[in-house]
Each structure stands twice: as structure tokens, then as C-alpha cells.
Amino acid sequence: MKVAKARLVQLQWEGPYKLTDIPSLNHEEWDYGIYQIYGKHPVYGSDVLLYIGKADFQTLGKRISQENWLDTNDSNNTKIYVGRLHGPENQSEEEWSVEIDLAERLLIYVHKPAYNARSITSLPDSKMQDMHLLNWGNHRDLLPEVSGLRWTQKLAHLPYEMYRLI
């Protein structure tokens, strides 16, 4: 099978940050992207992936601060990792926003964090098929590489036969 095109999205991850560090992620030029929240869950235990979110029209510091993670029963042990898009050239603001949105949706769908409700059961299949996401740096429990080709229905129509010697 020949795959003709791919939309490569790369995230450079940093962290962990404490909740008290988050307001400092407020630089108007580059503090946008995806974030992961780790903490205690009553079923899954401590220090587990709880949530994946995005900040594309407001900075990471502003967006994460709006979510009241301080109100959890173990907020002193909450850890946050932030992923910023990077690549060979800057994207337009519109393209940047689209890539952040698609990356968040794919990561939520694949990893199924406990506190995410949106994007867990379905993907915008046609938009996601050619996406290829690379996680660099301290991406924690996220897979280092996630492909829309793998998680969408793009390959569903192909016949699958076991290889055999001819």
C-alpha cells in the first residue's frame, strides 16, 4: 500500500510543572499547545494521566488556571506537562490552531484519560486520517508516536491476508 501524504505535527513536551508554576506560562508568542494533567484518581490510583487539554486562543497559563485543579483532594501532587508545537517553520495562527485541535483530539482518543469526556469515543475521521503526531521531550505516559492512519478507518476497506511464501 502506498500512503501519499501525511500531516506531520510535532510536540515538544516539558514538565512536570506544579499548579503554582502554571501562571508563568503566559508568553503571548509561544505559550500555546497541549497539556497533560497527572494526579490521583479514586479508581486508577495516584500519579496517573487524568486529563489532556489544549490552549490555542489563550496561553497555557491562562487556560489551565481556569480549570480549578486546585480544588482536587490531592492538588499538592498534581503534575502538569505542556507540549508546544514545533517544526521547520512557523504556521499561520489559523493553521496553528487547527494542528493544536487535531493533536488534542487524537491524543485523547488514543490515551483515553479518566477526566476527558469529549473525543474519547470518536474522531473526525476524514480530518485525522493523514495526521502523524510525534511527541518529543518529556511526554510522560503518552506514546512517542501516534498516527491517524492507525486510529481512523482509512485502512478499513483494504483486504487483509496473512503473508505466505510463494
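This tour visits the sheet of a predicted model and then the helix that packs on it.

**The sheet.** Begin by displaying the strands: six of them form an open sheet in the order 3-2-4-1-5-6, and the pairing is mixed. Select residues 45–55 and residues 145–147 next. These are strand 3 and strand 6, which stand at the edges; each has a single partner strand, so one side of each lacks a neighbour in the sheet. Across the sheet, neighbouring strands are turned against each other by 25° on average, direction ignored.

**The hairpin.** Move to residues 33–41, which make up strand 2. Strand 2 and strand 3 form a hairpin, with three residues between them. Their pairing is antiparallel and runs over eight bridges. To inspect one of the paired positions, select Ile34 together with Lys54, its bridge partner in strand 3.

**The other side of strand 2.** Now add residues 79–86, strand 4, which pairs with strand 2 in the antiparallel sense over five bridges. Select Gln36 here; its bridge partner in strand 4 is Tyr81.

**The helix on the sheet.** Select residues 93–111 to bring up helix 2, which packs on the sheet and touches strand 1 (7–17), strand 2, strand 3, strand 4, strand 5 (131–137) and strand 6. The direction of helix 2 makes about 155° with that of strand 3. From first C-alpha to last, the 19 residues of helix 2 reach 27 Å, close to the 27 Å expected at 1.5 Å a residue. Finish at Lys112, which follows helix 2 and has a positive phi, near 50°.

Methods: Residues are numbered from 1 along each chain as its sequence is written. This is a predicted model: local features need pLDDT of at least 70, side-chain atom pairs count only at pLDDT 80 or more; totals for chains, interfaces and linings use all residues. Side-chain values use heavy atoms; hydrogens and water are left out. Two strands pair if DSSP finds at least two bridges between them. Helices (H or I, at least four residues) and strands (E, at least two) are DSSP runs, numbered from the N terminus. Axes are lines fitted to C-alpha atoms, for helices over the stretch in contact, and angles run from 0 to 180 degrees between N-to-C directions. Contact means heavy atoms within 4.5 Å. The expected span of a helix is 1.5 Å times one less than its number of residues.
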